[in-house]
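I opened my notebook to record what I looked up in this structure, going from whole chains down to single residues.

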Amino acid sequence: MANAASGMAVHDDCKLRFLELKAKRTHRFIVYKIEEKQKQVIVEKVGEPILTFEDFAASLPADECRYAIYDFDFVTAENCQKSKIFFIAWCPDVAKVRSKMIYASSKDRFKRELDGIQVELQATDPTEMDLDVLKSRVN
Amino acid sequence: MAKLLETFPCVPSTERGRGILIAGDPKSDTILYCNGRSVFIRSLRQPQDVQVYGEHGYAVTVARYSPNGEWIASADVSGTVRVWGTHNGFVLKNEFRVLAGRIDDLQWSFDGLRIVASGDGKGKSLVRSFAWDSGNTMGDFDGHSRRVLSCAFKPTRPFRIATCGEDFLVNFYDGPPFKFHSSHREHSNFVNCIRYSPDGTKFITVSSDKKGMIYDGKTGDKIGELASEDGHKGSIYAVSWSPDSKRVLTVSADKSAKVWEVAEDGTVGSVIKTLTFMESGGAEDMLVGCLWQNDHLITVSLGGTMSLFSADDMDKPPLLLSGHIKNVTSLAVLGANQKTILSCSYDGLIVKWLQGVGYSCKLQMKDTKIKRLAATESSIFLSGFDNKVLRIPLTDNEFGAAEHVDIGHQPLDISIAVDSPESTSLVSFDSGVVLLNGLNILSKIDLGFAVAASVISPDGKEAIVGGQDGKLHIYSVSGDNSLKEEAVLEKHRGALTVIRYSPDLTMFASGDANREAVVWDRETKQVKLNNMLFHTARINCLAWSPNNRMVATGSIDTCVIVYEVDKPASSRITVRNAHLGGVNAVGFIDDCTVASSGEDASVRLWHIEPQ
């Protein structure tokens, strides 16, 4: 297998969707998948703004790795409505080692393509991307 | 959210052959004692009212209130003294490394500015006196060659410090800056405790040579001794003065406490009253600690029972407070009306607690180390470390005689089929299970895999055995007491530690050593609730609420987490720091109260409010 770190292309769609989320707030979340045969990162799923965190968590498979962008809305201590863009590297413990390796080595290059990520999170099981964890990371 | 309802605290940790020192605050009528790494503050008026300070990194030996009642200084086996506030969440004022070894006694000066600490300094300084806020040393304390067991500060000016120790010496220092003044070798054995009278005119030393000596408070000369007729027949471990400086209370290894009247000039002390302590008749009745506070006389026995006598009416039977000394390994909840909680610790002590009341009664098993406890309304089954399964019948307020059966292997887990006609129980050991009827072995089955946890359904027809590899094997129990394997469920990624059926038998829940718990549907064998991964270390215990809607898990990470079966695992209620050192057992008392017990030898009751 070729050097995965430099070999993985990023489909244009990924960047476009991300810019829509950042500028026009048309999505709540975006889930990206690495398509091995085409050696690309593609958009697997896009979520509407009305969807909640539970819907987002449910759209991540329990035994495969993914990358995800989530737009997290919260209220700060001074009572102002704020939102932060999270990049979540979802690598569950039960996923195949090969899958984890490919996602881990391509992560950096992919992140550099998406300009405007505020917080990065790595989750190996559902408890690590719980709402409490997101809330504690925004401070 | 979770709120602490009640604590059934442990009692002071005791050691055979040594006295222990307990202290108190006359103003708020509380006493202080230590167990493990925690200091317990207990109110004498409301013995249920307990607060715990667990910030020491090593076992705590002694704790004392400052004279104004605002600060507490506590010392541990590493030679560290911590000064912290009584109110305001025990905020730490200062921490000093005072001696190189264990600290045995600590006292404040009457103005609250100085502290003297004594103990084992490993050859270097054995006693140190320092300022409470800065830690500056005041004076050299030479003169002792071995461990200094006790020290006392004269409560009136001019300042004097008296110390006594294992080298049979009683030393007297004047100052400040403190320097050696005189030494006395009146005792012929370890001098265990030294205390100044509250008016500062005399001090008394008591020793393992069964004698007590009285000295002048200002000069340190011996002026008298406690009368030997009607005196103690065993080592005297501790002494405490009455607030009026006229009487003293001593406790001894001869299982009695004596109240003496000390003459004005201090030449002689004569016995006024002897209080004997008789509980089990064995070595546990030896009295090792005492305190005279306001109107109360408190004595502590080796077995951990604290007796509260009234000083005015010494003939009145005392109030007995007891509890565990060692960590509580297992817990069972019984009782339809008034809930009883049975807790057992590995040293063979079973204690019965009543919700709302506290300590009810206890049973000390001799020479048995208990691992697990399972109970029905009429009897308790225990599994120990010596291949035995014991049964103790339970009547209203008492424990009956224990009978046992040897099952040939060390038992791991024990579970009772409460609804089966003859009280069948299942005991698992490292390679199989044993089916018991009462105490008769029905069958011993070798299952061929490494067994970790097991449970039998209340009607005795189905059993689930979990293996070290994380697989759950479901068996049906047939009439000839053999097991037929029905299904194998794989989901856990670590050795199973506990499996429990829900009260309505539609579900069962299992927890493993990899911090995950799973709720399964019994009929379909499908996972009902997963992602219960919120603990950070091995799950030790699990319990169902009576209404089948909640599951509580306890883990070594000191948390108890309550999940609701209908809601996703992320909406959970966490009780953090339930027990310092880890939670060993949980049980539901009713639909919103959970009892938990752990390494800190206490049992706590929490009120859970479902969101």
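I first wrote down what "buried" means here, namely a relative accessible area under 20%. I also noted that I am working with a predicted model.

**Entry on chain A**

With that cut-off in hand, I looked up how much of chain A is buried, and I found that 40% of its 139 residues count as such. I then turned to the secondary structure, where I found 5 helices and 6 strands in chain A, and I noted their order from the N terminus as α-β-α-β-β-α-β-β-α-β-α. The radius of gyration of chain A is 15 Å, and since the globule rule gives 14 Å for 139 residues, I wrote that the chain is as compact as a globular protein of that length. For the C-alpha trace of chain A, I noted spans of about 50 × 30 × 25 Å along the principal axes.

I next asked what share of the contacts in chain A with a separation of 6 or more comes from residues 24 or more positions apart. The share I found for chain A is 62%. The accessible surface of chain A is about 7,500 Å², and carbon and sulfur atoms hold 50% of that surface. When I looked up the charges, I found 22 positive and 23 negative side chains in chain A, with the centres of the two sets 5 Å apart.

**Entry on chain B**

I went through chain B in a similar way, and its secondary structure comes to 0 helices and 55 strands. A compact globule of 611 residues would have a radius of gyration near 25 Å, and I wrote that the 27 Å of chain B agrees with this. The box filled by the C-alpha atoms of chain B is roughly 85 × 45 × 40 Å along the principal axes. Of the 611 residues in chain B, 60% are buried.

For contacts in chain B with a separation of 6 or more, I found that residues 24 or more positions apart account for 45%. The accessible surface of chain B is about 22,800 Å², with 47% of it belonging to carbon and sulfur atoms. I noted 63 positive and 72 negative side chains in chain B, and the centres of these two sets lie 4 Å apart.

**Entry on Asp105(B)**

I then picked out Asp105(B), which I found in strand E10, residues 103-108 of chain B. Is Asp105(B) buried or exposed? Its relative accessible area is 0%, so I entered Asp105(B) as buried. Which side chains does the side chain of Asp105(B) meet in polar contacts? I found one such contact with the side chain of Arg64(B) at 3.2 Å, and another with the side chain of Arg195(B) at 3.3 Å. Leaving aside neighbours within four places in sequence, the residues in contact with Asp105(B) include Leu21(B), Val62(B), Leu149(B) and Cys151(B). I also looked up Cys193(B), which is 88 residues from Asp105(B) along the chain, while their C-alpha atoms are separated by 9.1 Å.

**Entry on Asn35(B)**

My last stop was Asn35(B), which has its place in strand E3, residues 30-35 of chain B. Its relative accessibility is 9%, and therefore I counted Asn35(B) as buried. A polar atom of the Asn35(B) side chain lies 2.7 Å from the backbone oxygen of Val11(B). Beyond its neighbours within four places in sequence, Asn35(B) is in contact with several residues, among them Cys10(B), Pro12(B), Phe40(B), His324(B) and Ala601(B).

Note on methods: Residues are numbered from 1 along each chain as its sequence is written. Chains are lettered from A and ligands numbered from 1 in the order in which they are written. This is a predicted model: local features need pLDDT of at least 70, side-chain atom pairs count only at pLDDT 80 or more; totals for chains, interfaces and linings use all residues. Side-chain values use heavy atoms; hydrogens and water are left out. Helices (H or I, at least four residues) and strands (E, at least two) are DSSP runs, numbered from the N terminus. The radius of gyration is taken over C-alpha atoms; the globule rule is 2.2 Å times the number of residues to the power 0.38. Buried means under 20% relative accessible area, exposed over 50%, partly exposed in between (1.4 Å probe, protein chains only). Contact means heavy atoms within 4.5 Å. Accessible areas come from the Shrake-Rupley method with a 1.4 Å probe; for residues, only the protein chains shown count as cover. Lys and Arg count as positive and Asp and Glu as negative; His and the chain ends are not counted. The place of a charge is taken as NZ of Lys, CZ of Arg, CG of Asp or CD of Glu. A polar contact is a pair of N or O atoms within 3.5 Å; within protein, one must be able to donate a hydrogen and the other to accept it, and residues adjacent in sequence count only if both atoms are side-chain atoms.
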